[in-house]
Amino acid sequence: MRFFTKLLLFGYFCAAMSAPSLAQQPTGKISLELNHVQATQDGGCRLSIIATNGLERPMNQLGLEIVAFNTDGLVDQFLRLDFSRISAGKTKVLQFDLAGKACDSLSRLHINDVLNCVPASVTDVYCPDLLDLQNRTSIEFGD
């Protein structure tokens, strides 16, 4: 009888470990806004991106892989932006400069990938699906 009890408990344990945890599924969105573009003194372009964590949990790091396109629609360069920890419901602003790249030479910023939006323990979440994109500039911004 003890064998069957242990076997039954082992079966429950295995089922609990393999079942998706509904509590781990993120709710809410990550808002990204291309807020401002500004020419720099060295002829480059300064971009300001605002990230708001609308998820119910903090993000330890939010990584964005962005592709910049020139005015001919050709890929110009790949960019990697990293936001440090963003608490739930909080906003962070990141500015970055594209040296030697005038703002009017850019037509589009494409979000190629989003990394680290949820803890590693959360599976089956595709971070780009959690984005809510907004734009206040003349440069196209999207996925």
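Is Arg136 buried or exposed, and what is its relative accessible area? Arg136 is exposed, with a relative accessible area of 63%, where exposed means over 50%, buried means under 20%, and partly exposed is what lies in between, computed with a 1.4 Å probe on protein chains only.

Before I go on, a word on the model. What you see is a predicted model, in which local features need a pLDDT of at least 70 and side-chain atom pairs count only at pLDDT 80 or more, while totals for chains, interfaces and linings use all residues. Residues are numbered from 1 along each chain as its sequence is written, and side-chain values use heavy atoms, with hydrogens and water left out.

Let me stay with Arg136 and turn to the salt bridges. A salt bridge here is a side-chain nitrogen of Lys or Arg within 4 Å of a carboxyl oxygen of Asp or Glu, and by this rule the count comes to four. Side chains of opposite charge can pair when their charged atoms come close. In one of these salt bridges, Arg136 meets Glu33, with the closest N and O atoms 3.2 Å apart. This pair links distant parts of the chain, since Arg136 sits in the loop between β7 and β8 and Glu33 in strand β1 (residues 30–39), 103 residues apart. Strands, I should say, are DSSP runs of E with at least two residues, and they are numbered from the N terminus. Unlike the exposed Arg136, Glu33 counts as buried, at 10% relative accessibility.

Another salt bridge brings together the side chains of Asp97 and Arg46, at 2.8 Å from N to O. Here too distant parts of the chain are linked, with Asp97 in strand β5 and Arg46 in strand β2, 51 residues apart. Asp97 is partly exposed, with a relative accessible area of 43%, and Arg46 also counts as partly exposed, at 28%.

Which residue forms a salt bridge with Lys101? The partner is Asp76, and the closest N and O atoms of the two are 2.8 Å apart. Lys101 lies in the loop between β5 and β6 and Asp76 in strand β4, so the pair ties together parts that are 25 residues apart in sequence. Lys101 counts as buried at 19% relative accessibility, whereas Asp76 counts as partly exposed at 30%. If we leave aside the neighbours within four places in sequence, Lys101 is in contact, meaning heavy atoms within 4.5 Å, with Gly43, Gly44, Cys45, Asp76, Gln77 and Leu106.

Cys45, in that list, leads us to the disulfides. A disulfide is a pair of cysteine sulfur atoms within 2.5 Å, and the count by this rule is two. One of them joins Cys45 to Cys103, with 2.0 Å from S to S. Cys45 lies in strand β2 (residues 45–53) and Cys103 in the loop between β5 (91–98) and β6 (106–115), so this pair ties together parts that are 58 residues apart in sequence. The torsion about their S-S bond is about 100°, so the disulfide is right-handed. Cys45 is buried at a relative accessible area of 0%, and Cys103 is buried at 15%.

The disulfide of Cys117 and Cys127 has its sulfur atoms 2.0 Å apart. Both cysteines lie in the loop between β6 and β7 (131–135), so the pair ties together parts that are ten residues apart in sequence. With -85° about the S-S bond, this link is left-handed. Cys117 is buried at 0%, as is Cys127 at 9%.

Finally, the sheet. Two strands pair if DSSP finds at least two bridges between them, and an open sheet of four strands has the order β4-β3-β6-β8, with mixed pairing. Strands β4 and β8 (140–142) stand at the edges, each with a single partner strand, so one side of each is left without a neighbour in the sheet. Strand β3 (residues 62–70) is mostly covered, with eight of its nine residues buried. It pairs with β4 (residues 75–83) in the antiparallel sense over eight bridges, and Ala68 has Gln77 as its bridge partner in β4. Eight bridges also join β3 to β6, and these two run antiparallel; here Glu65 stands opposite Asp113, and Phe69 stands opposite Arg108.
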